[in-house]
Amino acid sequence: MAANLVEDSCTENPATYDRFQELKAFDESKAGVKGLVDAGITKVPRIFRLQNKDQNPVKPIQTHFSIPVIDLGLGNIERRRDEVIAGVQKAAGEVGFFQVVNHGVPQRVLDEMLAAARGFHELPDEVKKGYYTRELLKKVKYGSNFDLYQSSYANWRDTLFCVMGPEPLDPQELPLVCRDITMEYSKQIHKLGTTLFELLSQALGLKPDHLLGLDCAKGHCLLSHYYPACPEPEVTMGTTKHSDPDFLTILLQDNIGGLQVFHQNQWIDVPSVPGALVINIGDLLQLISNDKFKSVEHRVLANYVGPRVSVACFFTPHLYPSTRIYGPIKELLSEENPPVYRDTSVQDFISYYDSKGLDEKSALTHFKLQR
Ligand SMILES: O=C(O)CCC(=O)C(=O)O
Ligand SMILES: [Fe+2]
């Protein structure tokens with residue numbers, strides 16, 4: 001049913017197009033983008049189509065620049081700690097994105113996590129539907145396009161969202177197909193996150209536990225994304241350009257490709273590096289580091305080839321009741337380095353981020369101090 005409806009919506013007659021009804025039909029199918037592809041659509045429905053020419057995904061320009069890869073040499077990090085900190089400082093400050101290898105998370109855990117994320121999205125519709133909701137407070141939920149009704153076009157992507165901490169998630173809440181490995185992956189990634197916050201603190205010239213003391217690793221969630229093969233990848237987007245609303249994101253991606261970072265005015269591919277995890281600085285870390293670290297825009301292109309699977313871990317304080325106020329870290333400020341941002345509560349930051357939609361300018365602009 002949904003498939004017929006969306007095939008009709010590809011025709012160019014605006015008189016017969018009721019966007020809200022189309023969105024609602026898609027939402028109520030609870031089958032996600034994968035449901036459309038399984039139903040055999042050959043054209044991208046209008047609700048997913050880019051709205052104007054400049055949003056069209058341009059091909060990356062030839063460049064010699066590549067996203068830094070840092071060898072954490074875990075198990076042995078102490079011997080090379082200064083070198084690793086220097087690498088993290090440069091990457092976080094100049095690019096905002098880097099990959100890490102020898103990070104301590106076993107390859108088996110990475111492989112099983114990706115397979116389980118895919119396994120969830122490929123469950124029979126009837127099973128998956130039980131997890132489909134837009135309820136804000138649900139700890140485990142599956143959906144497509146969290147901003148479906150706010151965005152100017154929908155993304156070619158479905159997502160399973162799981163809040164993993166600070167309160168430990170009851171494993172029974174997780175779908176069986178990904179239960180054990182999600183618990184294990186979450187534990188390992190939290191440990192890696194802790195190490196990264198220590199390195200990032202030192203890269204800022206602070207004591208290793210400074211960012212942890214600000215609860216940067218206190219709350220984390222996992223987003224298992226599924227990007228089905230797309231019949232017309234040039235007319236839509238896997239994920240609209242955005243920067244992340246958290247402190248830090250650790251991303252596990254498969255080998256399909258499509259993730260790009262906006263660096264020095266061009267889109268740069270983030271290639272799949274075997275065994276690596278992709279790390280990026282989020283808006284909140286840019287804010288508290290007073291622009292020492294950069295939270296940069298990134299996006300995911302839709303692709304004829306698929307599915308593409310990725311698992312993003314967001315370190316963020318907005319999933320538990322936090323009364324903290326975040327502003328530029330005092331130790332980083334001086335006469336030459338005055339605060340760039342005003343203080344904000346977690347709630348204010350997230351409600352502003354959510355209200356503006358993915359494709360707008362950075363949420364950070366709103367928190368900049370006027371000079
Ligand atoms: O799927 C990806 O590679 C990136 C996803 C992403 O940017 C996000 O979850 O914020
Ligand atoms: Fe992101």
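## Charges, overall form and iron site

The protein carries 39 positive and 47 negative side chains, and the centres of these two sets lie 1 Å apart. The model is a predicted one.

The fold contains 10 helices and 14 strands. For a chain of 371 residues, a compact globule would have a radius of gyration near 21 Å; the protein has 20 Å, so its value agrees with that of a compact globule. Of the contacts in the protein with a separation of 6 or more, 79% are between residues 24 or more positions apart.

The table collects values for the protein as a whole.

| Property of the protein | Value |
|---|---|
| Span of the C-alpha trace along the principal axes | about 60 × 50 × 45 Å |
| Share of the 371 residues that is buried | 55% |
| Exposed area of the protein | about 16,800 Å² |
| Share of the exposed area from carbon and sulfur atoms | 53% |

Which residues of the protein are donors of the iron ion (ligand 2)? They are His242 and His298, each through NE2, and Asp244 through OD. These donors lie 2.1 to 2.2 Å from the iron ion. Along the sequence, the donor residues follow the spacing H-x1-D-x53-H. In this pattern, x1 stands between the H and the D, and x53 stands between the D and the final H.

Are His242 and Asp244 buried or exposed? Both of these residues are buried. Residues 242 and 244 are thus named twice here: as donors of the iron ion, and as buried residues.

How values were computed
Residues are numbered from 1 along each chain as its sequence is written. Chains are lettered from A and ligands numbered from 1 in the order in which they are written. This is a predicted model: local features need pLDDT of at least 70, side-chain atom pairs count only at pLDDT 80 or more; totals for chains, interfaces and linings use all residues. Side-chain values use heavy atoms; hydrogens and water are left out. Helices (H or I, at least four residues) and strands (E, at least two) are DSSP runs, numbered from the N terminus. The radius of gyration is taken over C-alpha atoms; the globule rule is 2.2 Å times the number of residues to the power 0.38. Buried means under 20% relative accessible area, exposed over 50%, partly exposed in between (1.4 Å probe, protein chains only). Contact means heavy atoms within 4.5 Å. Accessible areas come from the Shrake-Rupley method with a 1.4 Å probe; for residues, only the protein chains shown count as cover. Lys and Arg count as positive and Asp and Glu as negative; His and the chain ends are not counted. The place of a charge is taken as NZ of Lys, CZ of Arg, CG of Asp or CD of Glu. Donors are N, O and S atoms within 2.8 Å of the metal (3.2 Å for Na, K and Ca); water is not among the atoms, so sites may look incomplete.
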